Structures are given as C-alpha cells and as structure tokens.
Amino acid sequence: MKKALIAAVAPLALLAMAGCQNAAEVAAENTADAMEDNADVVRDAADNSADAMEDKADTLDNSVDGMDSKAEQSLENKAGSVRNAGEMKADAMENRADMVRDKADK
C-alpha cells in the first residue's frame, strides 16, 4: 500500500519540482538528458580509443631525433581521426537533444 502511494505521488512531485513544466516537458527534458549522457559516452569512448592508439604509436619509434617514424605518424593520424569522428558524432547527438528540448518548450 505504501509503495503504491509513493508510486502514485512521485510523478506529481516531479511535476511540482519542475515548476510550470507539464508532463510532456518533463519527459522531453529526461529524454534530452539521456541523449546527452549517451553523447558523453560516445565522446569518452572515442577519446579512450584515440589515447590507446597514441600510446601504441609512441612505442613504434624509439629514436630521440624529434621526428616520428611513418608508422608512428600514421597511427597518430588515425587516432586523430577517431577522436574527431567521436566529437562530431557526440556533437550531433547533443544537437538532437537540444532540438528535443526546444520542441518541448514551444
């Protein structure tokens, strides 16, 4: 009984905390927040992959001549591409989240 009462009152409490927002606006906010969280995951995964590639690249050239070997430079370029692609994808995801918020605000 107590759980049922809490389950019935919880959505109303969220609406009250949200101020003037209606249920659709609250749902849109939650959806947009989840989309932004997913964008963060995409960005972090790309960064982690690129970091690992750069670490690997550092092991390919042991000379201290200030010049990267072709293999090292190639892997660093690929790491940069992975990082850039992750940023672009995450940015697009965040833009879609903004569109969800904007649509709900109208």
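**Charged pairs in a three-helix chain**

Let's start with a single side chain: Arg 101 has a relative accessibility of 16%, so it counts as buried, the cut-off for that label being under 20%. The model you are looking at is a predicted one, and every value below was computed from it. What does Arg 101 form a salt bridge with? Its partner is Glu 29, and the closest N and O atoms of the two are 3.0 Å apart. Glu 29 itself is partly exposed, at 23% relative accessible area. Arg 101 sits in helix H3, which covers residues 70-105, while Glu 29 sits in helix H2, residues 23-58. Because the two are 72 residues apart in sequence, their salt bridge ties together parts of the chain that are far from each other along it.

Now step back to the whole chain. It has 106 residues, and 17% of them are buried. The secondary structure consists of 3 helices and 0 strands, so following the sequence from start to end you read the pattern α-α-α. Among contacts with a separation of 6 or more, 67% are between residues 24 or more positions apart. The accessible surface amounts to about 7,500 Å², and carbon and sulfur atoms contribute 60% of that area.

Helix H2 deserves a walk of its own. At its N-terminal end you will find Asn 22 acting as a cap: a side-chain oxygen of Asn 22 lies 2.9 Å from the backbone nitrogen of Ala 24. H2 has 36 residues, and at 1.5 Å a residue it should span 52 Å. Its end C-alpha atoms are 52 Å apart, in agreement with that expectation. The buried residues of H2 include several alanines, among them Ala 28, Ala 32, Ala 39, Ala 46 and Ala 50. Charged residues are on that list too, including Glu 25 and Arg 43.

Arg 43 brings us back to charge pairing. Side chains of opposite charge can pair when their charged atoms come close. How many salt bridges does a search of the whole structure find? The count is 10. One of them joins Arg 43 to Asp 40, with an N to O distance of 3.8 Å. Both residues belong to H2, and as they are 3 residues apart, about one helical turn separates them. Arg 43 is buried, at 15% relative accessible area, whereas Asp 40 is partly exposed, at 37%.

A further salt bridge pairs Glu 54 with Arg 83, and here the closest N and O atoms are 3.1 Å apart. Glu 54 lies in H2 and Arg 83 in H3, so this pair links distant parts of the chain, 29 residues apart. Glu 54 and Arg 83 are both partly exposed, Glu 54 at 26% relative accessibility and Arg 83 at 22%. Some salt bridges also share partners: in this way Asp 40, Arg 43, Glu 87, Asp 91 and Glu 94 are joined into one network.

Finally, look at a charged residue without such a partner. Glu 72 lies in helix H3, and although buried, Glu 72 has no salt bridge. Where is the nearest side chain of opposite charge? It belongs to Lys 56, 12 Å away, so the pair misses the 4 Å limit for a salt bridge. Leaving aside residues up to four places away in sequence, Glu 72 touches Ala 57, Asp 58, Leu 60 and Asp 61.

Terms used: Residues numbered from 1 in each chain as written. Predicted model: local features only at pLDDT ≥ 70, side-chain atom pairs only at ≥ 80, totals over all residues. Heavy atoms only, no water. Helix = DSSP H or I, 4+ residues; strand = E, 2+ residues; numbered from the N terminus. Buried < 20%, exposed > 50% of the residue type's maximum accessible area, 1.4 Å probe, protein only. Lys, Arg positive; Asp, Glu negative; His and termini not counted. Contact = heavy atoms within 4.5 Å. Areas by Shrake-Rupley, 256 points an atom, 1.4 Å probe, with all protein chains shown as cover. Expected span 1.5 Å × (residues − 1). Polar contact = N/O pair within 3.5 Å; in protein donor to acceptor, adjacent residues only side chain to side chain.
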